[in-house]
Amino acid sequence: MFEHRTAPLLPRRAFWMRMARGALVAGGLVFGSLAIGTLGYHGFEGMPWLDALLNASMILSGMGPVDALHTAAGKMFASAYALFSGAAFLTVVAVLFAPVYHRFLHKFHLELEDGDQG
């Protein structure tokens, strides 16, 4: 049929730039998620800003809430935020590790191609 040649491996400098871009995106996702949680705990539960930040941080990191919730709106928000936090965690991990995984597979593919020709 036809021969397909895979593109060469991305140079290390470009790879690290891709990793840095991913880290910035991941940091933005974490910061944005933390802002949503802080605003929600402050607005729905009436927590002081620092306590709202602490609770949002703990939920986002998977540790669980620090303070007891007293309002129905606060409990509904906390439930939705906990579900959102799980999805946000998976997204951040994917954004951070996708370039590493892609490079590994690409390098593996190149080695297989070289072995077929040799």
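Helices here are DSSP runs of H or I with at least four residues, strands are runs of E with at least two, and both are numbered from the N terminus. This is a predicted model, in which local features need pLDDT of at least 70, side-chain atom pairs count only at pLDDT 80 or more, and totals for chains, interfaces and linings use all residues. Residues are numbered from 1 along each chain as its sequence is written, and side-chain values use heavy atoms, with hydrogens and water left out.

**View 1. The whole chain reads α-α-α along its sequence.** You will find three helices and zero strands here. The C-alpha trace spans about 70 × 25 × 20 Å along its principal axes. The chain has a radius of gyration of 21 Å, against near 13 Å for a compact globule of 118 residues; the radius is taken over C-alpha atoms, and the globule rule is 2.2 Å times the number of residues to the power 0.38. The accessible surface comes to about 8300 Å², and carbon and sulfur atoms hold 72% of that (Shrake-Rupley method with a 1.4 Å probe; for residues, only the protein chains shown count as cover).

**View 2. Here is the largest nonpolar core, with 11 residues.** Its members are Tyr41, Met47, Ala52, Ala56, Ile59, Leu60, Leu69, Phe77, Ala78, Tyr81 and Ala88. Helix H2 (49-60) and H3 each supply at least two residues of this core. Such a core is a set of buried Ala, Val, Leu, Ile, Met, Phe, Trp, Tyr and Cys residues joined through side-chain atoms within 4.5 Å. Buried means under 20% relative accessible area, exposed over 50%, and partly exposed in between (1.4 Å probe, protein chains only). Leaving aside neighbours within four places in sequence, Ala78 is in contact (heavy atoms within 4.5 Å) with Tyr41 and Leu69.

**View 3. Ser85 sits in helix H3 (residues 72-117).** Ser85 counts as buried because its relative accessibility is 2%. With its neighbours within four places in sequence left aside, Ser85 is in contact with Ile59 and Leu60, two residues that also belong to the largest nonpolar core.

**View 4. Now meet a nonpolar surface patch of about 540 Å².** Phe89, Leu90, Val93, Leu96, Phe97 and Val100 make this patch. Leu90 lies in helix H3 and is exposed, with a relative accessible area of 58%. Patches are made of residues with over 30% relative accessible area and no salt bridge, with like charges joined within 9 Å and nonpolar side chains (Val, Leu, Ile, Met, Phe, Trp, Tyr) within 5 Å. A salt bridge is a side-chain nitrogen of Lys or Arg within 4 Å of a carboxyl oxygen of Asp or Glu.
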